[in-house]
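Have a look at the sequence and the 3D view below before reading on. Then we'll walk through some spots worth finding for yourself.

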Amino acid sequence: MTSEKVPTEVAYEYGESGPTCLWGFQIYDSMPRTQWIKLGFAADQKLGLASRLSFNYHDCRRIPEPYHSSCESVATDYLRCLYKHIIESLKSKIGSSFDSMSLEFILTVPAMWPDKAKMTTLHCAEKAGFGGNGTIRLISEPEAAAMHALNVSNPHGLEVGDTVVLCDAGGGTVDLITFSIVEREPNLRLKEEASGDGSLCGSTFLNRLFERFLESRLSSVPGWGRDTLDEAMQRFEMVIKRTFCGDVTQDSMIPVPGIADDSAAHIHRGRLRVSGQEMADLFKPILEEIHHFVDNQVKTSKKRVKALFLVGGFGQSPYLRRYLRDALPQDMEVLAPVDGWTAVVRGALMKSLGEISPLATKALVESRVARKHYGMIYQTKYEKDIHDRKKRYV
C-alpha cells in the first residue's frame, strides 16, 4: 500500500526461528496488534492514558506487549523496520552515491513529553540503527506543525504579534500548543504563550464508536460476521469519516455484504443506511473532548488567540472544523493549512534544514513557558541589625 503515513502498529508471527515483526500495512486487517507504542515511554505522565475515551472504547484487535518483549523493545522493532524501509527506498532512488552521504534523522515527540521519555525515544532509535549512520534530532510535534502551518498558509491575515493555537488531531492523540508570532520574514520566530497539552482523543476512538454501533445494530442479524464488519469499517475509514460535515439530513450508505434485505435494520441491497443524526451522535464525544482541550489552550494563553490551525489526519475533518468554528469565539479563525496531514514531518524538516543550511528559511521558538521549576526552602536566623523586621517570621 502507498500512503504518506504508516500506522504505528506492530504484530508478531511466530515460527521455528522465533518471532518475526510485522509493521504498519504489513499487518492483516483482522490480526491482533500492539498500538500506541511510544505512549508507554511516559506511562506515569498525564497523557490521557486513562482518559474517558480510552477507558470506555477499546479496539478488539489491540493487545499488550508480547510476553517476549517490552514497550521499549516493541518500539525498537518498529523503528528498525522503518529504518530499513527508509534506507532501501533512498538507495533505490539515489543509487551507489548514497553510501557516501551523511544522514540526519529527525524524530518528533508530543508537546508534553518528559525528558525521560525523550531519552528513551533516542535510545530506541539508536538501537534500531538510526544513530549508527547519522545524527538524531528531536522536535515537538505541534511545534513542528506550527512552523509548517505558518509557512504555507500565507496569506492568512496573521501579523507579527498575533497569537495562534495549533491543534494536531491524529488517530490516537490530539496535541496542542500556543504561539505568538515574533517575526515572519526573513525567518520565522515564535514565542510560546501556553504550555503544550494533549490527550488520547483522536479519530481511532471514532472508529471504535462506529464499530460498537454496527455490532449493536447488526450482530443479531443473519449473515453478520467479521468479514462484513471489516468491509463496513473500510468504507467508514476511507470515505465517511473524512467527508461527513455534520449535516444531519445527509444519510450515509455503508456496505454490509452477506446480509439480506431487512427494512427494520435499514438494510437494502447489501447496504446499511445510517442517518445523519446517528452519524453526528457518533462524532459528538470525540469533538467535545477536542473542544475541551482547545478551549483550555485559549483560556490559558497569556494573549488573545486570533486563529486556530487544524493539522493531522483528523484535523482535516470538515465536521471537526465546523464544530470548533461554532463552539469558539466568532472573532477567532479556524484554518486547515495545506498538507495538514503531514504538517508535523514537513515542519520538522523545515526547522532542521534551517539549522544546517545557510540558504534555508530559519524557524525557531525563542522563548517557552516553563513546564516545571526547581527551588529550595531556605531559612536563616533573624538579626535585627541586618534583616527587615517586616519580613521576620515568628
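What follows is a short tour of this predicted model, stop by stop.

## Two cysteines that don't bond

Let's start with the cysteines. The number of disulfides here is zero. Take Cys21: no disulfide includes this residue, and the nearest cysteine sulfur, in Cys81, sits 3.9 Å away. A disulfide needs the two sulfurs within 2.5 Å, so at 3.9 Å the sulfur of Cys81 is too far from that of Cys21 for a bond.

Are these two cysteines buried or exposed? Cys21 is buried, with a relative accessible area of 18%. Cys81 also has a value of 18% and counts as buried. The cut-off for buried is under 20%, so 18% falls inside that class.

## Helix 2 and what covers it

Cys81 is one of the buried residues of helix 2, and others on that list include Val74, Tyr78, Leu79 and Ile87. The list isn't purely greasy names either: Thr76 and Asp77 are on it too. What lies over these buried residues? The cover includes strand 1 (10-15), strand 2 (18-23), strand 3 (103-109) and helix 3 (115-128).

Now trace helix 2 from end to end. Its 24 residues run from 71 to 94, and the distance from the first C-alpha to the last is 34 Å, close to the 34 Å expected at 1.5 Å a residue. Right after helix 2 comes Gly95, with a positive phi near 95 degrees.

## A buried glutamate in strand 7

Next, jump to Glu192, which you'll find in strand 7 (residues 188-199). Compared with Ile94, Glu192 is 98 residues away in sequence and 39 Å away in space, C-alpha to C-alpha. Glu192 is buried, with a relative accessible area of just 2%.

What does Glu192 touch, leaving aside residues up to four places away in sequence? The list is Ile177, Thr178, Phe179, Val365, Ser367, Arg368, Val369 and Arg371. Zoom in on Val369: its backbone nitrogen lies 2.8 Å from a polar atom of the Glu192 side chain.

## Unusual backbone spots

Some backbone angles deserve a second look. Most residues other than glycine have a negative phi, and most peptide bonds are trans. The peptide bond from Glu185 to Pro186 is cis, with omega near 0 degrees. Pro186 belongs to the loop between strand 6 (174-183) and strand 7.

Two other residues, neither of them glycine, have a positive phi: Arg269, near 50 degrees, and Asp339, near 60 degrees. Arg269 is in the loop between strand 9 (267-268) and strand 10 (271-274), while Asp339 is in the loop between strand 12 (333-335) and helix 9 (343-356). Arg269 counts as exposed at 70% relative accessibility, and Asp339 counts as partly exposed at 35%.

## The nonpolar cores

In soluble globular proteins, nonpolar side chains tend to be buried together. In this model, the largest nonpolar core has 76 residues, and the members touching the most others are Leu214, Leu218 and Leu308. Which helix gives the most to this core? That's helix 7 (residues 276-300), with 10 residues.

Try selecting Leu218: beyond residues up to four places away in sequence, it touches Trp224, Val256, Ile259, Ala265, Ile267 and Leu272. There is also a second, separate core of 26 residues, with Ala144, Ala149, Ile181 and Ala348 among them.

## A three-stranded sheet

Strands of a sheet pair through backbone hydrogen bonds, either parallel or antiparallel. Here, three strands make an open sheet in the order 8-10-9, and the pairing is antiparallel. Strand 8 (252-255) and strand 9 are the edge strands, each pairing on one side only.

How many bridges join strand 8 and strand 10? There are four, in the antiparallel sense. To see how the strands line up, find Met253, which stands opposite Arg273 in strand 10.

## A buried lysine in helix 9

The last stop is Lys351, in helix 9. Lys351 counts as buried, at 13% relative accessibility. Its side chain makes a polar contact of 2.6 Å with the side chain of Glu355. Setting aside residues up to four places away in sequence, Lys351 touches Ile139, Glu143, Met147 and Ala363.

How values were computed: Residues are numbered from 1 along each chain as its sequence is written. This is a predicted model: local features need pLDDT of at least 70, side-chain atom pairs count only at pLDDT 80 or more; totals for chains, interfaces and linings use all residues. Side-chain values use heavy atoms; hydrogens and water are left out. Buried means under 20% relative accessible area, exposed over 50%, partly exposed in between (1.4 Å probe, protein chains only). Helices (H or I, at least four residues) and strands (E, at least two) are DSSP runs, numbered from the N terminus. The expected span of a helix is 1.5 Å times one less than its number of residues. Contact means heavy atoms within 4.5 Å. A polar contact is a pair of N or O atoms within 3.5 Å; within protein, one must be able to donate a hydrogen and the other to accept it, and residues adjacent in sequence count only if both atoms are side-chain atoms. A nonpolar core is a set of buried Ala, Val, Leu, Ile, Met, Phe, Trp, Tyr and Cys residues joined through side-chain atoms within 4.5 Å. Two strands pair if DSSP finds at least two bridges between them.
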